[in-house]
Amino acid sequence: MSRRALISVYDKTGLEVFATGLAQLGFELVASGGTAEHLRKHNLAVTTVEEVTETPELLGGQVKTMHPAIHAGILARRERQDDVASLEEHAIQPFDLVCVNFYPFAKVVSRYGVREEDAVEMIDIGGPSIVRGAAKNFQHVAVICRPDQYGFVLDELREHSDLSPDTRRQLAAEAFAATASYEASIAGWFADRESFPERLVPTFVKVLDLPYGENPHQRAAFYAEEHTRRHLLSRVEQLHGPELSFNNLNDLSAARTIIDEFTLPACVIVKHANPCGVSVGASPEEAYIRALGSDPTSAFGGVVILNRPVNPELGGLLADQFVEVLFAPAYAQKAIDALREKKNTRVLTHYERRRGDPDEKDYRRVLGGLLVQDRDFGIEDRSAMEVVCGEVDEEAWGDLLFAWKVVKHVVSNAVVITKNLQTIGIGAGQSSRVDSVKIALEKAQSNGHGLVGASIASDAFFPFPDGVQVALDAGATSVIQPGGSKRDREVIEAVRSAGASMVFTHRRHFRH
């Protein structure tokens, strides 16, 4: 008896090559309507599902494979005499291979303005059922659910005439992952009206194996959340340099989030997921020079990201520094030539600006669970802010709002000192806010930045006047912070007494 393959696919990429290979290996091809028509166009002999079931497709094609002649042929355990006897009694032939992929539900519902009836139409019933049945009976039935599996399956069948138990088990694992992911996307769509449903079922797909994790003894990979419109490396091309590491991607994610805050030519330099230099300028070269000048020591070996193309002059400046990852929308050829002299610099380009989706959720892994929150995509509306003391002219407003955009991306407790749209001191991750202020001031002073006329931003309120006072004593003349402390009056009075100004945003930006 020849071996039989059941084929029913929506995505027909590479199918004719795979089916031809199966036919050459002696498989009888059984296919559902559209798939059978496709294979016949490629001159392949096909038995239709209707011929096997002796029942026409019903309900506009919704019911075609849900029939004992199909499912019994998939589920029959060949080592059990009662299963074999049942097949013989009902004249059902078993299947040895199943090739099925599903309706593109996630692709359809990701479109803007999709109608509910169009989304529901894309919920596949028969396909996932067949795949689960074949995966359950993997010892006897090989299950293929993605076009990228066709090649190695054919290779192994040609070399050994059958698939090994390990291959069958791996295919079954991938099949159950496919059905789980598919149904998770459907469940997510139905639950979309709730921000935090009772059961959260996100799924992730591996994009890239990484050389190691945060440390060399840790294994690692990058996974993208399935069915999202964009992810960290979507539409990104690596033009030069070694493979990306775990820490590279972590820093790149932080840098891309910060650069999205700016529309003017800007440069962001990130080290250990914290910005160490941010600036805007009249040109990308000026933005880079000023960002690097913020804290050159910390910038060594960092991730550099720009929101403008890299011209030859800027390419030469970047090639003179040790940059782990460089990310920009485009590069002049002379810039690429200069950068390729730096063998350890990973040069990346992207083909569209990544804007965060306000509906995205922020996941934090904790012991035995997951913390889930909305992403911090709040629009910083100046009209909602309050000048609580002093006068704030347009130049000061520019620096304060610039500082406020940066501080939301610094690990709490976060303090950012800016001057002329350039960070000059950043204090991050301290348990005491006054310590963050002192670190930011120390960095500014050690790098030769004048503090007279500087602006200071704090991601949360100053609980006491001490932190503000340290900055005022060093020369800062304007402050931006959320406000809301029991001692706000004392803090306001300290700023007023120094002849400085202060703005309350009434919005906090913790990032732990």
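Reader: How much space lies in the second largest cavity?
Author: Keep in mind that this is a predicted model. A search of the whole structure turns up 2 cavities of 30 Å³ or more. For the second largest cavity, the space comes to about 50 Å³.

Reader: Which strand gives the most to the lining of the second largest cavity?
Author: The lining is made up of C276, S294, D295, T423, I424, G425, I426 and K443. Look for residues 423-427 in that picture, as they form a strand that supplies 4 residues. That top contributor is β18.

Reader: And how many charged residues are there in the lining of the second largest cavity?
Author: D295 and K443 are both in that lining. The split is 3 nonpolar and 3 polar, and the charged ones number 2.

Reader: What about the largest cavity, how much space lies there?
Author: Its lining includes I269, Y288, L292 and F300. The lining residues divide into 9 nonpolar and 3 polar, with no charged ones. As for the space in the largest cavity, it is about 60 Å³.

Reader: Which elements each supply at least two residues of the lining of the largest cavity?
Author: Some of the lining residues to look for are Y288, L292, P296, A299, G302 and V304. The elements that each give at least two residues span 284-294, 296-299 and 302-306. In that order, they are α12, α13 and β11.

Reader: Now the pockets: which helix gives the most to the lining of the second largest pocket?
Author: This pocket holds about 900 Å³ of space. It is lined by 26 residues, and the closest to its centre are R146, A178, S181, V205 and E226. Elements that each supply at least two lining residues include α6, α10 and β6. With 5 residues, the one that gives the most is α10.

Reader: Why are the buried residues of α9 on the same side of the helix?
Author: In α9, residues 150-160, the buried ones are Y150, V153, L154, E156 and L157. They sit on the same side because, around the axis, they cover an arc of only 165 degrees.

Reader: Which residues are exposed on the other side of α9?
Author: The buried residues of α9 pack against α1, β4, β5 and α10. Turn to the other side of α9 and you find two exposed residues, E159 and H160.

Reader: What is the phi of the residue that follows α9?
Author: Just after α9 comes S161. The phi of S161 is positive, near 70 degrees.

Terms used. Residues are numbered from 1 along each chain as its sequence is written. This is a predicted model: local features need pLDDT of at least 70, side-chain atom pairs count only at pLDDT 80 or more; totals for chains, interfaces and linings use all residues. Side-chain values use heavy atoms; hydrogens and water are left out. On a 1 Å grid over the protein atoms alone, a cavity is a set of points where a 1.4 Å probe fits but cannot get out, and a pocket is an open set with protein on both sides within 12 Å along at least five of seven lines; lining residues have an atom within 4 Å of a point. Grid points are joined across faces, edges and corners, and a volume is the space filled by probe spheres set on the points. Ala, Val, Leu, Ile, Met, Phe, Trp, Tyr, Cys and Pro count as nonpolar, Asp, Glu, Lys and Arg as charged, and the others, Gly among them, as polar. Buried means under 20% relative accessible area, exposed over 50%, partly exposed in between (1.4 Å probe, protein chains only). The arc is that of the directions from the helix axis to the C-beta atoms. Contact means heavy atoms within 4.5 Å.
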